[in-house]
Every structure is written in C-alpha cells, then in structure tokens.
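Student: I am new to this structure and would be grateful for a close look at one part of it. Could you please take the packing of two helices as the centre and work outwards from there?

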Amino acid sequence: MNPCYVELRNGSYMLTGTRVTLDSIVYPFRYGESAESIANAFPALKLEQVYGAITFYLANQKIIDDYLKQGQREAQELRAKLMATDPQFYQRLRD
C-alpha cells in the first residue's frame, strides 16, 4: 500500500483528509522540530502522517519552497493593502 499523505486542495497543500496545511508541518520541521513534537502539536494527526508530510516536502522541496515563498509574498501584499486603508489603526496596534 502506498498512502498519499499530502494533496493539493483549492490551491493549498493539505494533509490528506485533514484541515492541516503542509505549511504547518514544514515550518516547524525547517526550524529543527522533530516529527514527534510536531505530531504532539496536532492531536488530530498520527505520527505517520507527519513523517509522510515531511517525506513529501523533502521529495518536492523546490516546488514547496517556491509555494511557501509565494504565500509569503501574497501575505505581505495583503498586509500592505490593509495598512494603507487605515494607517492610524495599525499605528495604534504597533504602539
């Protein structure tokens, strides 16, 4: 049996059959967290699923790294637009 641990759903990489994004696994992994500690942070996931997601990432690292960078760019653009709509509000948040 060859289970599929990650699927592309509505433009986002998700762990199959869950609402957990691949990003949620990849970022802690890249910062040195173990698969066991990542699995502990997501009680709905089995350790096997976390290892499967990490394996998927390692097998497709360039594609996923590009996907993550694109997501960061989109978030920065959205943040800039929101800040431009009400700069005083965001200044109060910073203060």
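Tutor: The account below begins with the whole chain, turns to one helix pair, and then follows the charged pairs and one loop residue.

The model is predicted, so local features are given only at pLDDT of at least 70 and side-chain atom pairs only at pLDDT 80 or more, while totals for chains, interfaces and linings use all residues. Residues are numbered from 1 along each chain as its sequence is written, and side-chain values use heavy atoms, with hydrogens and water left out.

The protein has five helices and two strands, where helices (H or I, at least four residues) and strands (E, at least two) are DSSP runs numbered from the N terminus. Their order from the N terminus is β-β-α-α-α-α-α. The radius of gyration, taken over C-alpha atoms, is 16 Å, well over the 12 Å that the globule rule gives for 95 residues, so the protein is more spread out than a compact globule. That rule is 2.2 Å times the number of residues to the power 0.38. Along the principal axes, the C-alpha atoms fill a box of roughly 55 × 25 × 25 Å. Of the 95 residues, 24% are buried; buried means under 20% relative accessible area, exposed over 50%, and partly exposed in between, with a 1.4 Å probe and protein chains only.

The part to examine closely is the meeting of helix H1 (residues 23-30) with helix H3 (residues 47-59), whose axes lie 10 Å apart at an angle of about 75°. Axes are lines fitted to C-alpha atoms, for helices over the stretch in contact, and angles run from 0 to 180 degrees between N-to-C directions. The two helices are therefore roughly perpendicular to each other, a term for angles of 65 to 115 degrees; under 35 counts as roughly parallel, over 145 as roughly antiparallel and the rest as oblique. On the H1 side, Ile 25, Val 26, Phe 29 and Arg 30 meet Val 50, Ala 53, Ile 54, Tyr 57 and Leu 58 of H3, contact meaning heavy atoms within 4.5 Å. By class, this contact has eight nonpolar, no polar and one charged residues. Here Ala, Val, Leu, Ile, Met, Phe, Trp, Tyr, Cys and Pro count as nonpolar, Asp, Glu, Lys and Arg as charged, and the others, Gly among them, as polar.

Arg 30 also leads away from this contact, for its side chain meets that of Asp 65 in a salt bridge (3.6 Å, N to O). This pair links distant parts of the chain, since Arg 30 is in helix H1 and Asp 65 is in helix H4 (residues 61-85), 35 residues apart. A salt bridge is a side-chain nitrogen of Lys or Arg within 4 Å of a carboxyl oxygen of Asp or Glu. Arg 30 is partly exposed, at a relative accessible area of 43%.

By this rule there are three salt bridges. One of them joins Asp 66 to Lys 62, with 2.8 Å between the closest N and O atoms; both residues lie in helix H4, four residues apart, about one turn of the helix. Lys 62 counts as exposed at 60%, whereas Asp 66 is partly exposed at 34%. Another joins Glu 7 and Arg 9 (2.6 Å, N to O).

Arg 9 is in turn touched by Thr 18, which also touches Leu 45 and Gln 49, not counting residues up to four places away in sequence. Thr 18 lies in the loop between strand E2 (12-15) and H1, and counts as buried at 14% relative accessibility.
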